[in-house]
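This report covers one helix pair and one strand with its partners.

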Amino acid sequence: MRVKIDAVPNSPIFPKEVDVVVIGGGVIGTATTYELAKRGVSVALLEKGVIAGEQSSRNWGWVRQQNRDLYELPMAMNSLQRWSELGEEIGIDLGFRRTGILYCTSRETDVAKWEAWGKKAEVMGFHSQLLTGKEAAQRSGSASSWVGGIWSPTDGRAEPSKAVPGMAIGAQRLGANIQQQCAVRGLEISAGRVTGVWTEHGLVKANKVICCGGAWSARFCHRHGIELPSANILGTAFKTTVAPQVVEGCLSTPNLAMRRRIDGSYTVAVPGLGRMDLAPQNLRNVAKFLPMYRSKVAKKLKFRVNGSFFNGPEAAGNWTFDNVSPFEKIRTLDPAADKDILRMAIAEIEKEFPQLKGIGIDHAWGGWIDTTPDLVPVIDESEKIPGFIIASGFSGHGFGIGPGAARLISQQVMNERPYTDMSAYRLSRFSDGSAIRQPQMM
């Protein structure tokens with residue numbers, strides 16, 4: 001493993017029957033399990049590897065409302081509230097701190113977009129501060145001159161390696177059953193609706209199943225005849241050595257994203273840079289991704305063909321439920337970091353903050369980000385298989401909005417009125433003739 005994660009113990013008894021099975025122990029699955037257990041629901045969380053082993057421990061650790069797609073903003077606002085409550089509820093420090101998020105830019109077009117977005121966000125109840133170039137420079141403390149910036153003081157940061165395991169332990173304390181090294185091979189379906197899941201350790205009966213499999217969700221869904229348009233994008237990030245504080249919270253510039261960690265180091269990345277491996281899954285949905293490919297989101301992506309075409313979360317091929325599945329063959333997606341990005345990021349840190357010259361890389365990693373054509377997640381019950389709920393495609397935003405998404409999912413499971421309109425998250429938006437939106441500001 002290229003990341004270091006707090007360990008979570010397995011529950012001592014393997015479940016035979018529960019009300020709800022959650023597939024996937026990332027932030028979405030774990031937070032959902034916690035919310036359901038808190039409400040007294042009998043729930044089992046099944047993870048093929050370890051809790052937070054993939055993207056949920058490899059993200060930047062930002063917890064933001066600023067610059068969200070307006071469809072996501074209600075979830076982000078709800079999440080910030082839950083992040084403020086969860087540590088105390090669970091009794092574990094999740095690393096959450098409301099230290100603010102600052103964006104600085106050298107482009108007038110960014111300032112105009114932030115201003116227009118801010119007016120719409122204010123109507124929805126979120127307020128941020130547009131900064132002049134001088135104000136952005138003063139607040140950032142960086143060497144560059146900026147045209148402007150935007151500051152969201154109520155946003156924050158958390159520690160991915162601690163937060164998701166902490167939520168899992170909190171769920172266990174409330175009665176949830178958590179099983180790691182336990183791949184779900186497929187759904188048990190009776191009379192047209194879901195009645196459980198087949199795992200590598202046998203059948204678990206359940207009335208509802210929630211798929212929170214991240215990069216693996218689309219392949220799992222495709223096995224059951226459900227098309228979930230998703231493409232996995234490889235991102236790179238790293239943890240620095242301990243260094244002086246130049247940023248208390250999170251900072252984003254055109255060529256640098258950094259977050260202060262509670263141990264005195266930084267998590268660092270270069271915004272927008274990544275790689276997409278061409279494979280059957282994303283090629284099958286290429287038409288749906290055309291708006292994204294034409295947007296600025298895709299301009300910094302590299303494309304290549306490699307072994308993932310035949311093996312991995314986007315490969316083709318079916319399997320039976322009584323034999324080893326693709327999810328057991330690759331327990332944890334653990335890609336290497338892009339060395340070019342690491343060099344670029346270190347150079348950018350030293351340029352913006354000369355006092356950090358000589359800062360080192362403690363460890364670096366890659367992470368596969370499950371991405372939808374419009375960069376908005378899918379949270380929806382399958383029309384094809386009632387009782388099967390898909391919560392995936394969070395497009396790199398899942399960590400920050402995870403607790404808010406979990407509340408929505410739990411409301412859906414309990415057949416309650418959701419706290420926000422769910423239509424933007426429906427799966428059918430990609431197949432019912434609706435125009436696929438070009439990704440909005442992120």
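## Helix crossing and a buried strand

The crossing of α2 and α5 is left-handed, meaning that the near helix is turned anticlockwise from the far one by less than a right angle. This is a predicted model, in which local features need pLDDT of at least 70, side-chain atom pairs count only at pLDDT 80 or more, and totals for chains, interfaces and linings use all residues. Residues are numbered from 1 along each chain as its sequence is written, and side-chain values use heavy atoms, without hydrogens and water.

Helix α2 spans residues 73-90 and helix α5 residues 160-173; their axes come within 10 Å and cross at roughly 55°. The two helices are therefore oblique to each other. From α2, Trp83, Leu86 and Ile90 make the contact (heavy atoms within 4.5 Å). From α5, Ala163, Gly166, Met167, Gly170 and Arg173 take part. By class, five of the residues in this contact are nonpolar, two polar and one charged, with Gly counted as polar.

Strand β6 (residues 148-152) has five of its five residues buried (under 20% relative accessible area, 1.4 Å probe, protein chains only), so the rest of the structure largely encloses β6. Gly148, Ile150 and Ser152 point one way from β6, and Gly149 and Trp151 point the other way. The strands paired with β6 (at least two DSSP bridges) are tabulated here.

| Strand | Residues | Sense with β6 | Bridges | Opposite Gly149 |
|---|---|---|---|---|
| β4 | 101-105 | antiparallel | five | Cys104 |
| β5 | 129-132 | antiparallel | four | Leu131 |

Key:
Axes fitted to C-alpha atoms, helices over the stretch in contact; angles between N-to-C directions. Parallel < 35°, antiparallel > 145°, perpendicular 65-115°, else oblique. Buried < 20%, exposed > 50% of the residue type's maximum accessible area, 1.4 Å probe, protein only.
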